[in-house]
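Student: Could you walk me through how to read a few features of a protein model?
Tutor: Sure, let's take a look together.

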Amino acid sequence: MITGLFRRAGQRRQTIQSLHRRIGEAARRPGLYTRLGVPDTVEGRFEALSLHVILVLRRLGQLPAPAADVAQDLVDSVFLQLDAALRETGIGDMGVPKRIKKLGASFYARASAYGAALDAGDRAALTATLARNLLDRDDPEAAAPLAAYAEAAAAALSAQDLDGLLEQGPRFPEPAEDGTRAGAGDIR
């Protein structure tokens, strides 16, 4: 599958759009907002999407070629969608690049912080970062379930190879009150 992916531009674009759509669906799961406290606002939804994209990019960074190409295509797709969404909200052509630059900087800062905490197995750092960025609060305890969710998602993604990510889509646990999942059936 992977070799065919990069032979035809149309198939490649379709595969990346499918991956992006599946990540977006995971970021819009109601449990993130009702159970884990992510604010149901434009900013909260951006943060939820960013977290899920970052988790997938982290996994892609652990896989062999052509995973790096998939990662770049995914980032391009995400920011093209953000560009279109900003334009739909009425932001003029002159303001969109500035907003995209700011969103990009915050996205990469979050990717670095989340990745470092996950790589180090530092739950306290992950919790504090998620509280500040995703929940927009200075209350790490409030983000403990969200940190458990992010760790469970990272673990589920680590079991997937590139073909699995692209064919079945990334596997994320169903958000639960305590951030854990009840069983394997909750992973999608």
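Student: How are H2 and H4 placed relative to each other?
Tutor: In general, two packed helices are described by the angle between their axes and the distance between the axes. In this predicted model, the axes of H2 (residues 9-27) and H4 (residues 42-61) come within 8 Å and cross at roughly 130 degrees. Angles over 145 degrees would count as roughly antiparallel and 65 to 115 as roughly perpendicular, so H2 and H4 are oblique to each other. The crossing of H2 past H4 is right-handed.

Student: Which residues make that contact?
Tutor: From H2 you have Ile23, Gly24, Ala26 and Ala27, and from H4 there are Ala48, Leu49, His52, Val53 and Val56. Sorted by class, that's 7 nonpolar, 2 polar and no charged residues.

Student: What about the largest nonpolar core, how many residues does it have?
Tutor: It has 53, and Leu60, Leu74 and Leu130 have the most contacts inside it. H4 gives the most to this core, with 10 residues. Take Leu74: beyond its neighbours within four places in sequence, its contacts include Ile16, Ile23, Val53 and Leu60.

Student: And where should I look for unusual backbone?
Tutor: Most residues other than glycine have a negative phi, and most peptide bonds are trans. Here, the peptide bond from Ala65 to Pro66 is cis, with omega near 10 degrees, and Pro66 sits in the loop between H4 and H5. Then there's Asp136, whose phi is positive, near 55 degrees; you'll find Asp136 in the loop between H7 and H8.

Student: Is Asp136 buried or exposed?
Tutor: Exposed counts as over 50% relative accessible area, and Asp136 has 65%, so Asp136 is exposed.

Methods:
Residues numbered from 1 in each chain as written. Predicted model: local features only at pLDDT ≥ 70, side-chain atom pairs only at ≥ 80, totals over all residues. Heavy atoms only, no water. Axes fitted to C-alpha atoms, helices over the stretch in contact; angles between N-to-C directions. Helix = DSSP H or I, 4+ residues; strand = E, 2+ residues; numbered from the N terminus. Parallel < 35°, antiparallel > 145°, perpendicular 65-115°, else oblique. Left-handed = near helix turned anticlockwise from the far one by under 90°. Contact = heavy atoms within 4.5 Å. Nonpolar A, V, L, I, M, F, W, Y, C, P; charged D, E, K, R; others polar. Core = buried A, V, L, I, M, F, W, Y, C linked by side-chain atoms within 4.5 Å. Buried < 20%, exposed > 50% of the residue type's maximum accessible area, 1.4 Å probe, protein only.
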